[in-house]
Amino acid sequence: MTVLKLQLKSRFPVLTKLMAAPLGAPCTNSATLRRASPVRTVAPLEAPASLPAVATRPNVSIFGGRDAGAPRTMRSHGLVGLMSAALRIFAILACAASQAVSAAEAIIIERHSDPTKPIPISVQGYSGEVDQVLKFDLEVMGFEVVSPDKAQFVLEGSNNGAVEGRLTDRVTKSQLLGNRYQNATMRRQAHALADDVVLKVTGKPGIAQTTIAFVGRSGKTTEIYRADYDGANAVPVTKDGELVAAPAWAPGQTILYYTSYLAGPPDIYAQNVRTGARKAIAKYSGLNTSAAVSPDGRQVAMILSAAGSPDLYVADANGGNLRRLTKTREAEASPCWSPDGKTICVVSARGGLPALYLIPSGGGELRRLKTAGAGRVTEPEWSPDGRWIAFTAQWSRFQICIVPSEGGKVEVLAEGEDPSWAPNSRTLIFTRRKNGRDVLSLLDVPTKRVKDVGQISGSWSQPSWAK
Amino acid sequence: MPGVGPNDLLGDGSLGELGPDRTLLNPDGGIELPAREDDSNYNFDREAFRDQTVYFDFDSSTVRPGERAKIKSVASYLQSDPTTKVRVEGHCDERGTSEYNRALGERRALSIREHLVGEGIAPDRVNTISYGEDRPAVLGNDPAAWDKNRRGEFVLMRPKT
């Protein structure tokens, strides 16, 4: 199903830029403006009371998190709006001579600039599940939902039959978007709106419409599941009633690799999650586990012990053309690929403690990756933009950490294990222990804010974020 | 049989405990596992070697000297009945991460296997399987449980007649 979106363009795109001063603000001189005082609240830009429905071509891909292209726009005009705009222009001109500097100062004070702090946004007019989904998505993606007077951005709308929303920047007094959605569940429409807000404000694609896989355990049974990134709509991928582990997506949201003991020993399978068709990729003697697909989808790295020790191997994505990359006596584990596919980062215990090593994906020497400040290091994951490697460090507890991908100083982010990057190279999903069971949590790396995924029951672990 | 070559000692020192016959070791770091075969040709007996479970130190796959007698005892039985095989199951406590523990469990099973080979058992009579931390012997989040979970278990395989 495709989410249809109607864009409600601001009626006065040219005039928007002139609306720099708040309507009705007194003409005070710059000395009295204090850095801490917020911009005075003004009436929000008026939107038309009802919109004629306009059919547009679908422009949001159901299985992507990215803005798929410029939507069609719609214009309408009205006298009230023109008069309101005229008043604003008059107010600006009347104050312009003495206020040019202070108007500019007022804008700079408000604009969000510290990347470690969430962006304040107000969300108004929604109810029930849509309200809940919008707020969860925005809080995961680096925003903080606050009251309107504290917000830089205001998202207002409704969900009567369809989700619609208008996003205003209180600093520039401009409408950034006005959309109405259709042809999808309300939950999905809300995710699409959240992504559109994020794209407008940050310039980067959102992740509210992305997919994860994980191991779900209930009692002694484990199965592989896939779900929306927030844990909703979880469906089983396996139904074998056998021990499973280590789900790993191929690029896209269709093919999932995982380890299963369904034939007795641990073997690697690849499964089309839509059709259910499954193929064994590695069924060698001993251990077959830790599949990691290259970013171009053509190869898979794995840990196999058939030669007598758990070592790193690479094969074509269908398992053919097997090549051995390491020949160490100690165990290797958990390979991951650089975004350009040229390097693999792998755990090795060859130095005594488990640590990270880099090796050319075509074969070569293991080179230790410096992780200063961390002790035992496992489960690396390379960010899609290539800049960071996230991993689990172990002191007395497990900690999610990142290190620059060339090695260096480690930053501890949160307590937990087994991180996986979102496509935005900003959000991590990981596992943590909560009240006696494993739950999945979402971490916004710049602000370090953590939100647990919605999870009804059981233990969820070993997440893999589809990219 | 893998040929003679320099030992690839890379840290845990367990090769020194194998005794004089070091040539059995693949210079690349291990003894190749035999090809997979059909488990349904065998009966699996978990009780025969219940008392020979080998225990390991934290994050280690080295067989401690005090554990070696158990392996000798298993080797002795296998020598007495050449139709049998054994599967070594490697396990870990919960304190490592999931996939690292799966690899470590396998490394433990392989270390035990190397000792069996050192005792004269043919490599193709011993196979391995790792369960990582997923099949604890004792449930619990304390050292007493952890000690009992870092282990290698022997499962006797008798051919079905």
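In this predicted model, chain A contains an open sheet of four strands, arranged in the order β15-β16-β17-β18 with antiparallel pairing. The strands at its edges are β15 (288-293) and β18 (323-324) of chain A, each of which pairs on one side only. Within the sheet, strand β16 (residues 299-304) of chain A runs antiparallel to strand β17 (residues 311-316) of chain A, and six bridges join the two; along this pairing, I303(A) is found opposite L312(A) of β17(A).

From the sheet we turn to charged side chains. Side chains of opposite charge can pair when their charged atoms come close, and over all chains the structure holds 38 salt bridges. One of them links R180(A) to E164(A), with 3.2 Å between the closest N and O atoms. Because R180(A) belongs to strand β7 (residues 174-182) of chain A and E164(A) to strand β6 (residues 164-169) of chain A, this pair ties together parts that lie 16 residues apart in sequence. Both partners, R180(A) and E164(A), are buried.

Chain B offers further examples. There, K70(B) forms a salt bridge with E67(B), the closest N and O atoms being 3.0 Å apart, and E67(B) counts as buried because its relative accessibility is 8%, the cut-off for that class being under 20%. Another salt bridge, at 2.8 Å from N to O, is made by the side chains of R102(B) and E99(B); these two residues both lie in helix α2 (residues 98-118) of chain B, where they are three residues apart, or about one turn of the helix. R102(B) and E99(B) are both buried. Elsewhere, salt bridges with shared partners join R46(B), E89(B), R151(B) and E153(B) into one network.

Conventions: Residues numbered from 1 in each chain as written. Chains lettered and ligands numbered in written order. Predicted model: local features only at pLDDT ≥ 70, side-chain atom pairs only at ≥ 80, totals over all residues. Heavy atoms only, no water. Pairing = 2+ DSSP bridges. Salt bridge = Lys/Arg side-chain N within 4 Å of Asp/Glu carboxyl O. Buried < 20%, exposed > 50% of the residue type's maximum accessible area, 1.4 Å probe, protein only.
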